[in-house]
Amino acid sequence: MAQAAPAHQQEPVPLDPRSAPVPRYGQASLSDLLPAIASAQGVGGLTTALELEPADRVCVFLVDGLGWEALRAHPEEAPFLTSLLPSSLNGTGAPLTAGFPSTTATSLASVGTGMPPGRHGLPGYTVRNPETSRLMNQLRWQPWTDPYVWQPYPTVFQAADAAGISASQVSAPHFEHTPLTRIALSGGTFHGVLSAEERMDKAAGCLAAADRALVYTYYAELDSNGHRYGMNSDAWRGQLMYVDRLAQRLAEQLPPRSALYVTADHGMVDVPATAEARFDVDEDWELNAGLALLGGEGRMRHLYAVPGAARDVHSVWREVLADQAWVASREEALELGWFGPVVDERVRARIGDVVAAMTGNAAVVATDREPKESALIGMHGSATPAEQFVPLLEVRT
């Protein structure tokens with residue numbers, strides 16, 4: 001008796017963009033952090049449902065790339081930070097959400113302005129400038145555009161400084177005059193300190209120098225090592241060990257009536273170097289068809305279509321990526337609140353005609369257009385917990 005032929009394997013069903021996790025804007029996102037801190041210090045005009053216990057002196061230590069899930073998975077490398085996990089988010093032991101997309105320029109602007117991406121207007125790594133129809137890299141600020149036109153709102157540091165709070169930023173010297181610092185992290189005094197250990201010491205000193213203080217400090221190398229070597233590498237684990245020592249060094253120097261918050265701008269996922277995990281737009285004619293510009297980054301893409309092709313681009317990307325991405329039209333992404341509950345009119349056209357946010361550990365690369373970015377191992381930008389969840393660890397004196 002002949003055996004029946006095996007059933008054909010069903011094609012994967014495209015994901016419904018309504019199933020994508022949405023950041024907790026207004027309640028527990030990075031854009032709520034400084035408004036909650038400064039409001040508790042008496043600064044008026046800031047709105048958030050996040051409430052934090054007041055402290056006269058507050059330091060925010062932002063570690064680039066320190067995702068909540070990665071931190072929890074490495075207790076041996078980060079014993080001090082691990083001991084603080086129960087303190088996260090008001091002692092609930094829960095994370096903050098970074099905001100969408102989960103990438104540095106977007107998140108730092110959210111931190112500094114206290115606004116979601118749809119308001120401050122930095123909705124990705126690279127986005128289209130509607131005035132020039134060219135891609136704008138919002139981390140490197142290339143090509144040049146007036147930063148105060150691109151992001152016109154004041155920062156929380158400026159509001160704190162105006163309210164008589166000693167506001168300061170302690171970071172590497174080369175960040176002092178960058179456009180991103182000017183429109184997202186300025187207000188009060190910038191202290192350029194090259195050594196990371198001395199940066200922690202200076203931050204503690206800034207806290208002690210005033211009765212009321214708001215201090216921000218930053219460390220970048222965990223993220224850069226994750227990009228280059230991946231989170232399974234000795235290089236990344238060594239950096240996490242170093243970050244743990246930096247955080248403890250700062251915590252041990254806190255003056256009285258202080259609070260230290262350790263947080264991050266995003267997490268990260270390692271993307272395997274396989275054709276199944278890396279969809280190459282420069283090698284795939286279907287994904288490239290109808291595209292005028294490819295924005296964003298490997299884990300979150302802004303797709304700018306040639307006139308009249310947006311629906312076709314949306315349909316093809318949904319079909320090709322299927323269960324590997326949430327693919328939404330601009331209107332869907334805005335309605336679902338991906339970029340925040342309100343999107344300013346000046347920001348709408350910076351967002352892709354189609355937005356593709358990856359799931360799992362896949363990425364959309366462009367080996368010809370973006371050779372350096374396409375070679376990265378660690379990537380981020382999407383809405384998955386590994387990228388979205390960041391700690392809000394707390395130490396008080």
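Reader: Which residues are buried in α12?
Author: The model is predicted: local features need pLDDT of at least 70, side-chain atom pairs count only at pLDDT 80 or more, while totals for chains, interfaces and linings use all residues. Residues are numbered from 1 along each chain as its sequence is written, and side-chain values use heavy atoms, leaving out hydrogens and water. Helices (H or I, at least four residues) and strands (E, at least two) are DSSP runs, numbered from the N terminus, and buried means under 20% relative accessible area, exposed over 50%, and partly exposed in between, with a 1.4 Å probe and protein chains only. By that standard the buried residues of α12 are Trp236, Gln239, Leu240, Tyr242, Val243, Asp244, Leu246, Ala247, Leu250 and Ala251.

Reader: How many residues does the largest nonpolar core have, and which helix gives the largest share of this core?
Author: A nonpolar core is a set of buried Ala, Val, Leu, Ile, Met, Phe, Trp, Tyr and Cys residues joined through side-chain atoms within 4.5 Å. The largest one has 86 residues, and Phe61 is among those with the most contacts inside it. Its largest share, eight residues, comes from residues 234–251, which form helix α12.

Reader: Is Thr217, in strand β7, buried or exposed?
Author: Thr217 lies in strand β7, which covers residues 213–219. Leaving aside residues up to four places away in sequence, Thr217 touches (heavy atoms within 4.5 Å) Cys59, Phe61, Met200 and Leu250, among others. Because its relative accessibility is 0%, Thr217 counts as buried.

Reader: How far from the sulfur of Cys59 is the nearest cysteine sulfur?
Author: With a disulfide taken as a pair of cysteine sulfur atoms within 2.5 Å, a search of the whole structure finds zero disulfides. Cys59 is in no disulfide, and the nearest cysteine sulfur, which belongs to Cys206, lies at a distance of 8.7 Å.

Reader: Which strands stand at the edges of the open sheet of four strands?
Author: Two strands pair if DSSP finds at least two bridges between them, and here the order is β11-β12-β14-β13 with antiparallel pairing. Each edge strand has a single partner, so one side of it is left without a neighbour in the sheet. These edge strands are β11 (291–294) and β13 (325–329).

Reader: Which residue in β14 stands opposite Trp326?
Author: Strand β14 (residues 354–358) runs antiparallel to β13, and five bridges join the two. Opposite Trp326, the residue in β14 is Ala357.
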